[in-house]
Amino acid sequence: MRVLLALIVMGLSTLSFAESATQEVYQVLRQDAKGYAAVTPNRVFNFPQDHAPHPEYRIEWWYITANLTDPSGKPWGIQWTLFRQSLSPQPILTGWESNQMWMAHAALSTPNGYFPAQRFARGGIGQAGVSTESFAAWLDDWAWQSTTIEPFPSTLKFMTEDWALNFELHSTKPWVLQGNQGYSQKSAGNQASYYYSQPHIEITGTATRKGQSTSLKGTAWLDREWSSQPLAPNQAGWDWFSLHFNDGYALMVYQLRHTDGKHWLSGSWIDPKGVSQTLKAEDIILKPHALSTIEVLKAKQRTPIRLPLEWTIELPKLNKRWQITTPYPNQWMAAQFPYWEGVVEVDGGKSGRGYMELTGY
Amino acid sequence: MSTLGLSLKALLSHYWRYPWQALFLLVGLCAGVGLWSAVQVINSHARASYDNANQVLGAQAHFWIRAQDGTGVKTEDYAQLRRLGFREVYPVVQGVVTTTTNQRLPLIATDPIVLPVEALETNTSAVEFNGLAFMQAPYQAWFPPDLAKELNLQPNDQVLLNSGYSLPPAVLQTQAQQGRQVLLDIAPALQVLKRNTLSYLAVTQLSATRQHQLEQVLPQYLKLVPNRQSLDLTQLTQSLHTQLTAMSLLSFAVGLFIAFNAVRFSLWYRRPTLRTLRLVGVSVRTLTFAIGVETLIWSLIGSGLGILLGYGLSQVLLPTVSSSLQSLYGANMGADIVLQPSTLIMAWLLTLGGLILALAMPLWQQLRLPVLPSSSLSTHWLIDQRTRKYLLIASMVLSTLAMILYPFISTVVQGFVLLGIVLLAGAWALPTLLALSLKALEYLLPNTSFKSRWLIRDGWAQLPALRTAMMALLLALTANLGVEALVGSFRTSLSDWLEQRLSSDLYVQGSSQFDLHKLLANPTTTDWLTATNERTQVTLRLQDRPLILRGIDHTAPDTNDLGITQSVPNAVEHWRSLDTTKNWVLANEQLHFLGGKAVGEVLELPTPQGLKTFTIAAFVHDYGNPYYQLYIPNPVLKTYWAHPEPWNISLWLKSPNDLPKAEQALIEAGAKAGDWTAQHTIKEVSLKIFDRTFAMTAAMNSLTLWVAGIALLAALMAILQERLPEFAQWRALGVSTTEQWLVMSTPLLIWAMVTWLVSIPLGALLSWILIHKLNVMAFGWSMPLLWSMQPAGVLALMTVGVIGLTLVLVAWQLKRQLPQALARLGGQA
């Protein structure tokens, strides 16, 4: 469900910097997709080619989150995202005049703080891109690289503030096509995206700061999504969850919050082998609890903001029910378009861990 | 109220009664402080801009990455550096395009998305530019508002270029350090400049380790060089700013003359007041204090209003100065001016100092006179005679001093001190000359005529009052003539020099893909091409100033007449001998005058093969170049630098009618439309740059003249006030209007003529010093002094105009006030 976020963040740069512009930014998402390729059902996915960019679509991303554990058992987390946007319908792929724009967000969550960063680059000159000759996705020296045509095994290297992060990623599980065979509908209208994931990635690596390294280990999740017009006029924000359970199962659920209170819900339940089952709106109950107040930087001012950091997720048909909380309330991505994204625990960590994304608050 | 308060009130009440005097005092102070502070504001603004010159568009640039051979940086090498994590590096494209109206527009382009400007809460880079519109077709061209105004551009207008392209739609907006350049995204910039490489990469601050790492990964053809622009600009522009300051000080002096005039009359009028105050028992100390307070009040009001005026004036003058700085030194100045507290304080101190001289000192002197009246008009004349004598003596002392100092002058500041001394000497000798002219008139006019004797006597009475105004007029006229001669001489020398240097018909720019060998291989060239000159360059540093080694074809036609100013015997033959033991070079005059080098002297320069010596065969004119430059035959240059940066190529055609053939052949040899420029365009552009450079000088010059005009007006108005009762008496005695005007205006016209006459030799002397001393020391350019009487004629007309205007005003005042004065006269009787 990160499509909206990406569009908003990249769309923002088309507007002035005024903080008050945040609401206008949503308009960008509602722009007509005319001229761009349309997202239609029954697309046949083709790997590894589909790991490469689809520039005929307006927006696309490669989104990695990982829940990690340090040697003392404390939870850590990373987010590494590469966004692509076609600024106009006819793709221009090479040269300074390319209309491909790239943006990357990265964050490290640690027991001692949260370290976000963002970067921008234009396409066409080699500064950022995704190549599939041997798989690589990069922006400057933030790079996710494999030695083969397949995205795994691979390395992920990036920096945020004074942290240097180096990871190795492995996965042999099948790709999970989200929604209806990869066609992920976002509203009752024709808002939709192509969406596939790899929820079962083993990740090991180190986080190094001032010469001191911490070894980290855990499970990562990759989302791949592309679309041209994802947001309906009455959608104000979203809440998104990717959870890894201790028994090897994984869950993705999200809700698009409608202004009339009738939210759009969707998700998938994935077994340890990577076989998934699509969850429909009626299969999911998503309930926020008391709002928490955190202080975030807005226009360089510390501003309190109220967020639903505690949730109950229920899948009545599967007879499942979990409490979602976060050990680190301050995981606020203070980028141009700010949002909360970070490590969460399922039933206080007893059942599993995951990532949660909250936008539009 | 205390005695002090009462005394002050009594002193100041004078200005209520004679508001003209208060007005002229203010006009003098404001004019002086205004012009001075305008220049200060501009200078400090320029200096602040130089401090920022180690930035590019608001981002730090402590280093450049440039191609060794000056060709440009490949995009893939830039992207590779970014992928290696060198995010300190960002791309810049700079170049010049020519519009269809032959206006040269400097362009600067960068990738806004990586420009390291702090804008985000997080510590990473961000887009401070408001929009991707900037980086997407049809793109945007950001014009600084004053440039847009000059080009008569409206938002969204597209400037047409003579290459057939047009710039993206105009946006009237600026980014830091944009100066008078047009800001674009890299994509459209490369397109309109028809390039495929970046001009350079700018690099933000690097630690020693990081610098080492970067140097390790740079491709062979690139080099990392420290950005010294800030230092260079401060040094190179020093002279220009000193000149501006000197001009502003001159204006300040003229302003003070006006104030001085006003004060003289207020003094005259307040003598009874002072006497009365002392007679009623006010102590000298209290009166001194009261005068001090009055001085302080005037200084505050004068400097305050002056600063306001100066600030407004600086806004008007800034575009001119910044375009001079841009075209001469490539310095970029922002558009927003900040008034520094130091300027405010300096303005006030200068005003206070001037007022102490002009107001407090004479008042204080007045205080020391005996309480009871002793001075009559005749004693006043006697005093004036004595003053004239003192002034003449002082003037002679100053002249002698100037002659003694002349050989020792070696800096621009000293040069201006000399100028000041000469001007002051001239001004102080003037009252004696005016007196002499009156004496001469006395001899010429029949002694028997009552009217002529009256006229002469009245002239003597007017002299003390008018001499200050005449001195101010002399200063203004002299300065004007001097500067006119300087500018005129320079313009003629420059255009002659351009004529000589730009003898070829076509110039093809160095960045073009044009291949000279391919052109020469074309068999049709023999039909139309007579000669070529391929110029190259290598940039080094000498005495902390950039030194350009200009490689040229030693057989090209334009090497026959290089504008040599001094040389060793057979200099050109030596130079053409391609002797690599001596390495003969032709150096620009700048190296002689600013660098202190002489013909025959040997320069030791770092080459890729180690230190090598080069011998100066001759010095040549090189107007408008702020750098040192050596002309070296290409074969010699290439002996040491295998791949010098291409500069330009000139082509000589058999006949101007061959132009279409030549253009066709150029295109066949890889050049694109717009890569070449015709000779006349370059000349036009050069002269345009010249005119812009001196526009500020001209503006200051005419402002000074205006100030002097006001001084004259102020003096005459004050005399009128002073003499109104006299005129009433004349009227009562039956003097006709014509007679009265004859008496009033004859001495005035004679003195104005004398002043004008004196200003001619003095102006010539001034221009001589400006050209042979100051200009040489400031810019290193020598030229002959070309004197023309035309400016003097214009000035004569202007002076007559000012006097005419003044007389009209006086007549009007007289008409208005005379009845009252007559009535008063009647009352007294």
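Start in chain A of this predicted model by selecting strands E1 (residues 59-69) and E13 (residues 212-227): the two run antiparallel and are joined by 11 bridges. For one rung of that ladder, pick A:Leu68 in E1(A) and look across to E13(A), where A:Gly218 stands opposite.

Keep E1(A) on screen and add strand E2, residues 75-86 of chain A. This pairing is antiparallel too, again over 11 bridges. Click A:Asn67 and then A:Gly77 in E2(A), its bridge partner.

Now follow the chain from E1(A) into E2(A). The two strands make a hairpin, with five residues between them. Stop in the turn at A:Gly73, whose phi is positive, at about 85 degrees.

Before leaving, colour E1(A) by burial. How many of its 11 residues are buried? The count is 10, so call this strand mostly covered.

Next stop: chain B. Hide the strands and select helix H12 (residues 450-501) together with helix H20 (residues 737-779), both in chain B. At what angle do they pack? It's about 25 degrees, and the axes sit 5 Å apart. An angle under 35 degrees counts as roughly parallel, and H12(B) and H20(B) are therefore roughly parallel to each other. Turn the view to look through one helix at the other: H12(B) passes H20(B) in a right-handed crossing. Finish by colouring the contact between H12(B) and H20(B) by residue class, which gives you 24 nonpolar residues, 11 polar ones and three charged.

Note on methods: Residues are numbered from 1 along each chain as its sequence is written. Chains are lettered from A and ligands numbered from 1 in the order in which they are written. This is a predicted model: local features need pLDDT of at least 70, side-chain atom pairs count only at pLDDT 80 or more; totals for chains, interfaces and linings use all residues. Axes are lines fitted to C-alpha atoms, for helices over the stretch in contact, and angles run from 0 to 180 degrees between N-to-C directions. Helices (H or I, at least four residues) and strands (E, at least two) are DSSP runs, numbered from the N terminus. Angles under 35 degrees count as roughly parallel, over 145 as roughly antiparallel, 65 to 115 as roughly perpendicular and the rest as oblique. A crossing is left-handed if the near helix is turned anticlockwise from the far one by less than a right angle, and right-handed if clockwise. Ala, Val, Leu, Ile, Met, Phe, Trp, Tyr, Cys and Pro count as nonpolar, Asp, Glu, Lys and Arg as charged, and the others, Gly among them, as polar. A residue is buried if 20 or more other C-beta atoms lie within 10 Å of its own, exposed if 12 or fewer, and partly exposed in between; C-beta atoms are placed from the backbone. Two strands pair if DSSP finds at least two bridges between them.
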